[in-house]
Amino acid sequence: MRIDTLPRISLAFLPTPVTELKRIAAHLGGPRILIKRDDLNGLAFGGNKTRKLEFLVGEALAQGCDSVITGGSAQSNHCRQTAAAAAVAGLECHLVLGGEEPDAITGNLLLDRLLGAKVHWSGQYRKGEQIPHIAEQLRSTGKRPYVIPYGGSNPVGANGFVEAMRELAIQLEKMRQLITHIVFASSSCGTQAGMAVGARLFVPKVKVVGIRIDKDETELPFEEQMVVLANDTAKHVGAQMTFVKSDFEIRDGYLGGGYGVVGDLERNAIRLLARTEGILLDPVYTARAFGAMVDLIKKGEFSKDDCVLFWHTGGTPTLFSYAGELVRSQ
Ligand SMILES: *Cc1c(COP(=O)(O)O)cnc(C)c1O
């Protein structure tokens, strides 16, 4: 299949670990729970974007580019991992971050700076608006920039999660472990679209359940974006399959106070996992998704015979920029 010939650069220690969360499962009294630790992939605090970047930066190098540009919020995990990936590949990295430069250089922003990225603040401009402009400027000085979309979510990036499902299938077989569900934080579609393609290829009986983290429908409704990206990703990797809306399980009942707003659900999830298993979640993505999974377990969504795998997608550096929200009421 074409999937085996796509350009790729190695950025992570793979496979990422899978372990069982016995104490928390006993506490909740529901299904068995496993966790897959993409937060531990080894690239500058890890996270799910690293898998996408192995293919995106691989393509940038194959095209002879010498710089990458991407964008996100001030505390973007994607931007921090892009900065690290660019450093590994020897490429210049330009990041367009939302809003004005904050007073506190902390969390991912601190890491962006340490990793050598050139940061451009978007100010009044809308999401991603300046990216083509900066690319043009770089070209005019003789550079060859490669543009990476928000969240690394195009078919090239999503392929990282097609491969991740192959990795998981091999790992589960070695562990002699069957799972019934995968639960994780879903935002810019790349992770879930890649998982959907990869699940059909490698673990067809497993249900992929995305927990929506934010509601940005400036382009298409979320399910439609998912269908388009999954179909394009299947084509990109040379897999004969098509997707329709009903192929995606997406839960949007956990949006809370909106993107990046920490509420009780997130705070409790962080404490519960930290205090039962010694594992840290991030406040924006994984805490919301884990809190949602706990809620679904309490509501009886899964049977005792099920085995749910929580995919830890990273993001832990932002814990440090949420100190006030996380320990306030202790
Ligand atoms: C980006 C991100 C996600 C969501 O991944 P998408 O591919 O954008 O849906 C989940 N968790 C963390 C920590 C992230 O940084």
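Here are a few notes on the ligand site and on two backbone oddities in this predicted model.

1. Start with where the ligand is: it sits in the largest pocket. The shell around the ligand counts 16 residues, and the closest of them are K49, K52, S187, S188 and T313.

2. Three side-chain contacts are worth pulling up on screen. K49 has an N or O atom in its side chain 2.9 Å from an oxygen atom of the ligand. For T191, a polar side-chain atom lies 2.6 Å from a ligand oxygen atom. T313 also puts a polar side-chain atom 2.6 Å from the ligand, but there the partner is a nitrogen atom. As for cover, the ligand taken alone exposes 380 Å², and the protein buries 98% of that.

3. If you're thinking about the chemistry of the shell, the split by class is 11 polar, three nonpolar and two charged residues.

4. Which elements build the shell? Helix 2 (49–62), strand 7 (181–186) and helix 7 (190–202) each give at least two residues to it. On the domain level, domain 1 (2–47 + 153–326) and domain 2 (49–152) each contribute at least three residues to the shell around the ligand.

5. Now the backbone, where I'd flag a cis peptide bond. The bond in question runs from L14 to P15, with omega near 0°. P15 itself belongs to the segment before strand 1 (18–20), so keep that in mind when you set up the N-terminal part.6. The other backbone point is A44. This residue has a positive phi of about 45° although it is not a glycine. A44 is found in the loop between strand 2 (32–37) and helix 2.

Notes
Residues are numbered from 1 along each chain as its sequence is written. This is a predicted model: local features need pLDDT of at least 70, side-chain atom pairs count only at pLDDT 80 or more; totals for chains, interfaces and linings use all residues. Side-chain values use heavy atoms; hydrogens and water are left out. A residue is near a molecule or strand if one of its heavy atoms lies within 4 Å of it. A polar contact is a pair of N or O atoms within 3.5 Å; within protein, one must be able to donate a hydrogen and the other to accept it, and residues adjacent in sequence count only if both atoms are side-chain atoms. Accessible areas come from the Shrake-Rupley method with a 1.4 Å probe; for residues, only the protein chains shown count as cover. On a 1 Å grid over the protein atoms alone, a cavity is a set of points where a 1.4 Å probe fits but cannot get out, and a pocket is an open set with protein on both sides within 12 Å along at least five of seven lines; lining residues have an atom within 4 Å of a point. A molecule sits in a cavity or pocket if more than half of its atoms lie within 2 Å of its grid points. Helices (H or I, at least four residues) and strands (E, at least two) are DSSP runs, numbered from the N terminus. Ala, Val, Leu, Ile, Met, Phe, Trp, Tyr, Cys and Pro count as nonpolar, Asp, Glu, Lys and Arg as charged, and the others, Gly among them, as polar. Domain bounds come from an automatic or database domain assignment.
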